[in-house]
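Colleague: I've just opened this one and could use a guided tour. Can we go through it together, one question at a time?

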Amino acid sequence: MRELNRLKNFTVFILVVLLTISTDLYAGGINATDTLTNIEPSKDQSEEIQIMTALLLRHHYRKEQLNDSLSLEIYENYLNSLDPNRLYFTEADLEPYNLFRFSFDDFVMQGNLNMPFQMFNMFREKLVIRVDKNIETISNGFDFSKEEYYDSDRENAKWATSETELDESWRKLLKSQYLSLKLAESNSPDSILISRYQRLKNIFVRYDGQDVFQYFANAFTSTFDPHTNYFSPRAKENFDIEMSRSLEGIGATLATINDYTTVMSIVPGGPADKSDELYANDRIIAVGQGKSKPFVDVVGWRVEEVVKLIRGPKGTHVRLKVLPASEGANAIAKTIVIERDKVKLKDQSAKLEMIPYKVNGKSYNYALIDIPAFYFDFKAYQNNEKDVSSTTNDVKKLILEAKSKNVDGIVIDLRRNGGGALQEAINLTGLFIDKGPVVQVKNSYGSIEVGMDTDEELVYDGPLAVLTSRESASASEIFAGAIQDYKRGAIIGEVTYGKGTVQSVVDLARFIKNPDGKLGELKLTQAKYYRISGNSTQNKGVIPDIEFPSVYDYSKFGESSLDNSLPWDEIKSADYNQVSMINDEFLKKYRSDFKSRLSTESNLKNYVDDVNEARNIRSSTTISLNEAERLKEIEEHDKKRAKSDNLDQKLEADEVKTGKDETEIDDVMVDEAFKFISAYITAKLG
């Protein structure tokens, strides 16, 4: 299976609010006929691709040239978007199209979309035939006593040499899907699978020129970078309509990847976040309304149609059948229930927790400030309200509160923070420094703008640590990078996501006079973030001073895992003076001590063991198709999970345990941050 981070070629819908019932489109009332009408490109689409080409060549940060190399990449991207798992096309099918693989640069310049549309028409024909074959295979049943396996990772699979080879790949895939449904105690797994594939056929039979153009346009734009995307008129309209209706949701970002509706991120403070049951990279396979209505299988659905099922009135419940990412390829579906609600600004606001801490017989009073997002209440600002809620304003109040309680050190938690308002990252940095540069932004023309903190007020000058995870991105990386560059505090945790690019949206209708229909939008990357040290946050992210092992494989999750992500580079540093509160010699010594304790200190050792176990589960792509063996694997996994859950429950019962000389906190990163600050204070005082 291709890595879950691949966003190219898929429309991502931000579900700050989520979805209604509209099942008539997929209820099975449509029968795909044997004769399909070929889909043809429109005059507007021909002009759109030419305009997009001009905009990308002139304004995109990456100064690409249209040539045979880019043409080949466009061609391969398009094939991968149509058949990412190499399950429809054979080598023979592609031979006629391979002759044109070096002509796609000419096609986009000339607005010639005939070849991409011909390729889609052939793909759709193959899909319709394949679905009929699949239904026959499912109806014939499977032998689950046979010892055989299916490898779900087809990223590097080669194109099949024959239809017989494809038949065998599909047989194993269908058998795996059937067995998963059976083990999840689904009623009539054969009926569910047959309906799933019949519905997939119906979806593609309904495709029109907009759908085909969006496939190809995104195959083209993604050759520049993964955050440059095309949005069709329908995609934009559907999103605007859903956002304007009085419906609420669960607070998640979804994308369709390899026929699965996949959770890309969870909105901090939203219903899904509060449920603590849905996570990034989980796959949603079915949606049910209320607490008892039947589930609707959504594998193969367009993401916007899944969105319609999940959205609904505030206070109502939606049930999701989910394949947890944490359980890897062998995941068995679990059901979660979430109450729909709006994501309120106050739910995303920074929060303070004062924690007494004891180490080596010494007592301290620490503040943990959780910042889920960099936010700013623009509505309150436009209404000229006096006390506007923003990350900086709220954190400033929390710091003053902590100081009133004689705080000894502050830990800023950015582990769930995927970014937000850049200016807030700049302003927040200003609470911890006198004044100075915080970030540099270089645009596609080479011009560099420096984001400055001009407020000389220093709100807090004491010991500081910042917690990061692989999910910390964008504005979070700007703040963490600035704190690190100024040597104002220590960064503790995981390497951050590495998104250091800036996008803008262009309405293509601005460039075409009197179009025959509505036109789409182009989101393109036009600038890049750089730290004041001159290093980019792009691709590499922020590397912590004290680095924890991560459950994530960085080659499969993060900016560096995305195809064509812009590379890391550096520019001249900004003019700034380091605070140098973090001494290099002290940091070197502490880091060495931490690495030793990872293998000797019980809570850290347990953490490392858990991380390694999770990584092993996530990396496993081989699925047994023997029912007895799968049951045994599930039983062993359940035992391990129960053991882990019991440990968590014991820790949650007493999250902060203070003994005679030591305090133990179940959150090992928070515990380590407090240890670090304690050691810093001791070293400073002598």
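**A walk through the model**

Modeller: Let's start with a loop: Ser580 sits between β19 and α16 (584-597). Keep in mind that this is a predicted model.

Colleague: Okay, is Ser580 buried, partly exposed or exposed?

Modeller: Buried would need under 20% relative accessible area, and exposed would need over 50%. Ser580 comes out at 41%, so the label is partly exposed.

Colleague: And what is phi of Ser580 near?

Modeller: Here the backbone is worth a look, as Ser580 is a residue other than glycine and yet its phi is positive. The value is near 55°.

Colleague: Let me zoom out. How does the radius of gyration of the protein chain compare with what the globule rule gives?

Modeller: The chain holds 19 helices and 22 strands. For its 686 residues the globule rule gives 26 Å, and the chain is close to that, so it is as compact as a globular protein of that length. Its own radius of gyration is 27 Å.

Colleague: What share of the residues counts as buried?

Modeller: For scale, the C-alpha atoms fill a box of roughly 80 × 60 × 45 Å along the principal axes. The chain exposes about 29,800 Å², with carbon and sulfur atoms supplying 48% of that. Out of the 686 residues, the buried share is 55%.

Colleague: I see a sheet with several strands. Which strands stand at its edges?

Modeller: It's an open sheet of 6 strands with mixed pairing, in the order β10-β11-β12-β15-β16-β19. An edge strand has a single partner, so one side of it is left without a neighbour in the sheet. That describes β10 (351-359) and β19 (546-547).

Colleague: Which residue in β19 stands opposite Ile492?

Modeller: Strand β16 (residues 490-493) runs parallel to β19, and 2 bridges join them. Across from Ile492 you find Ile546.

Colleague: Some helices cross that sheet. At about what angle does α19 run to β11?

Modeller: Two helices to look for are α13 and α19. Helix α13 (residues 391-404) lies across β10, β11 (362-370) and β12 (409-413), at about 35° to β10. Helix α19 (residues 668-685) lies across β10, β11, β12, β15 (464-468), β16 and β19, and its angle to β11 is about 130°.

Colleague: Next, strand β8. How many of its residues are buried?

Modeller: This strand has a partner in β6 (residues 283-289), antiparallel over 6 bridges, and another in β9 (residues 334-339), also antiparallel over 6 bridges. Strand β8 covers residues 317-323 and is mostly covered, the buried count being 6 of 7.

Colleague: Which residue in β9 is the bridge partner of Val318?

Modeller: One bridge links Arg283 with Leu323 in β8. For Val318, the partner in β9 is Ile338.

Colleague: What about α7: which elements are included in what covers its buried residues?

Modeller: Helix α7 (residues 189-205) has 17 residues and reaches 24 Å, close to the expected 24 Å. Its buried residues include Leu193, Tyr197, Leu200 and Phe204. Their cover includes α5 (114-140), α6 (163-183), α8 (209-221) and β7 (295-297).

Colleague: Glu148 caught my eye. How far apart are the C-alpha atoms of Glu148 and Leu625?

Modeller: Glu148 lies in the loop between α5 and β2 (149-151), and at 8% relative accessibility it counts as buried. Among the residues it touches are Arg171, Lys172, Lys175 and Leu625. Glu148 and Leu625 are 477 residues apart along the chain, yet their C-alpha atoms are separated by 5.6 Å.

Colleague: Is Thr161 buried or exposed?

Modeller: Look in the loop between β2 and α6 for Thr161. The C-alpha atoms of Thr161 and Asp276 are separated by 45 Å. With a relative accessible area of 54%, Thr161 is exposed.

Colleague: Last one: is Arg531 buried or exposed?

Modeller: Arg531 belongs to the loop between β18 (521-530) and β19. Beyond its sequence neighbours within four places, its contacts include Gln440, Gln484, Asp485 and Thr537. Buried means under 20%, and Arg531 has 9% relative accessibility, so it counts as buried.

Technical notes: Residues numbered from 1 in each chain as written. Predicted model: local features only at pLDDT ≥ 70, side-chain atom pairs only at ≥ 80, totals over all residues. Heavy atoms only, no water. Helix = DSSP H or I, 4+ residues; strand = E, 2+ residues; numbered from the N terminus. Expected span 1.5 Å × (residues − 1). Buried < 20%, exposed > 50% of the residue type's maximum accessible area, 1.4 Å probe, protein only. Contact = heavy atoms within 4.5 Å. Pairing = 2+ DSSP bridges. Axes fitted to C-alpha atoms, helices over the stretch in contact; angles between N-to-C directions. Rg over C-alpha atoms; globule rule 2.2 N^0.38 Å. Areas by Shrake-Rupley, 256 points an atom, 1.4 Å probe, with all protein chains shown as cover.
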